[in-house]
Amino acid sequence: MNFGFLIFPGLEELDLVGPWEMISLWGKSLQGPEKRMMVAETREAVTCAKGMSLNPHVTFTECPQLDYLLVPGGEGTRQQMNNEVLIRFVSEQAKGCQAVLSVCTGALILHRAGLLAGKRATTHWSALSLLAGLGNVEVRQERFVRDGNVWTAAGISAGIDLALAFIESVAGEEIAGKVQFGAEYYPSGKFYGTLHQSPQAPAYVR
């Protein structure tokens, strides 16, 4: 299986790295996707929103047909929504994918690629109204949403939850549990401060 992670300038680091860790734990020792690759428009290093630099494994033209594709979000999505080369790559790859996933504002790219038409989806709390305004999508204030073979996650850290739920759907609860245990991902559930009670907070937090 080929699992591709789209990368582009200005992507949010944890949108990518969180799911990458979960999918890689699955793939390396639990018979998950054998090939996990970061895919970019060119071979140049990609600088993320917080300064992390990533080296692509393959370019769009070199990329084989993927079984799964994950699209992160971040500041760079606003520009990439108008990148016809990137949008065409996502749209064309999606035709042969078993599933397409997004984290945070990566949902905006999925929408631009025509993958959210008539579907339920979510995104970062700050972009919920923006996604709804694009039309022809039912926006949900949930940690992650699955609609058919399209998965979308809320902001940043939600990508880890999405990845675990996705692994469970493909490989079963026991495998997902082993990945979770390997990553020691057991959020404390503690809320710091009071912002989670603000009107801007998504419904699943309030």
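Two strands are said to pair if DSSP finds at least two bridges between them, where strands (E, at least two residues) and helices (H or I, at least four residues) are DSSP runs numbered from the N terminus. The model is predicted, so that local features need pLDDT of at least 70 and side-chain atom pairs count only at pLDDT 80 or more, while totals for chains, interfaces and linings use all residues. Residues are numbered from 1 along each chain as its sequence is written, and side-chain values use heavy atoms, with hydrogens and water left out.

**Exercise 1. Place strand 7 in the sheet and find which residues stand opposite Val 100.**

Step 1. Seven strands form an open sheet of mixed pairing, in the order 5-2-1-6-7-11-10. The edges of this sheet are strand 5 (58–59) and strand 10, each of which pairs on one side only.

Step 2. Strand 6 and strand 7 run parallel and are joined by four bridges, and Leu 69 is the residue that stands opposite Val 100 of strand 7.

Step 3. Strand 7 (residues 99–103) also pairs with strand 11 in the parallel sense, again over four bridges. Here Val 100 stands opposite Val 150 of strand 11, and Leu 101 stands opposite Trp 151.

Step 4. Helix 6 packs on the sheet, where it touches strand 1, strand 6, strand 7, strand 10 and strand 11, and its direction makes about 150° with that of strand 11; contact means heavy atoms within 4.5 Å, and the angle, on a scale from 0 to 180 degrees, is taken between N-to-C directions of axes fitted to C-alpha atoms, for helices over the stretch in contact.

**Exercise 2. Decide whether each face of strand 7 is buried or exposed.**

Step 1. The terms are set by relative accessible area: buried is under 20%, exposed is over 50%, and partly exposed lies in between (1.4 Å probe, protein chains only).

Step 2. On one side of strand 7, Ala 99, Leu 101 and Val 103 are buried, and on the other side Val 100 and Ser 102 are buried as well.

Step 3. Since five of the five residues are buried, strand 7 is largely enclosed by the rest of the structure.

**Exercise 3. Work out how the side chains of strand 10 are arranged and how this strand meets strand 11.**

Step 1. In a regular strand the side chains alternate between the two faces of the sheet.

Step 2. In strand 10 (residues 144–147), Val 145 and Asp 147 point to one face and are buried, whereas Phe 144 and Arg 146 point to the other face and are not buried.

Step 3. Strand 10 pairs with strand 11 (residues 150–153) in the antiparallel sense over four bridges, and Trp 151 is the bridge partner of Arg 146.

Step 4. Two residues lie between the strands of this hairpin, in which Gly 148 takes a positive phi near 65°.

**Exercise 4. Explain why Cys 97 and Cys 104 form no disulfide.**

Step 1. A disulfide is a covalent bond between the sulfur atoms of two cysteines, assigned here to a pair of cysteine sulfur atoms within 2.5 Å. The structure holds zero of them.

Step 2. For Cys 97 the closest cysteine sulfur is that of Cys 63, at 8.6 Å, which is too far for a bond; Cys 97 is buried, with a relative accessible area of 8%.

Step 3. For Cys 104 the closest cysteine sulfur is that of Cys 48, at 13 Å, again too far for a bond; Cys 104 is also buried, at 5% relative accessibility.

**Exercise 5. Describe the surroundings of Thr 77 and of His 124.**

Step 1. Thr 77 belongs to helix 2 (residues 77–80) and is buried, with a relative accessible area of 0%.

Step 2. The side chain of Thr 77 reaches the backbone oxygen of Gly 74 at 2.8 Å. It also makes a polar contact with the side chain of Thr 105 at 3.1 Å, a polar contact being a pair of N or O atoms within 3.5 Å; within protein, one must be able to donate a hydrogen and the other to accept it, and residues adjacent in sequence count only if both atoms are side-chain atoms.

Step 3. His 124 sits in the loop between strand 8 (119–121) and helix 5 (128–133), and is buried with a relative accessible area of 15%.

Step 4. The side chain of His 124 makes a polar contact with the side chain of Ser 126 at 2.9 Å.

Step 5. Not counting residues up to four places away in sequence, Thr 77 touches Phe 8, Pro 72, Thr 105, Gly 106, Leu 108 and Ile 109, and His 124 touches Cys 104, Thr 105, Ala 154, Gly 155 and Ile 156.
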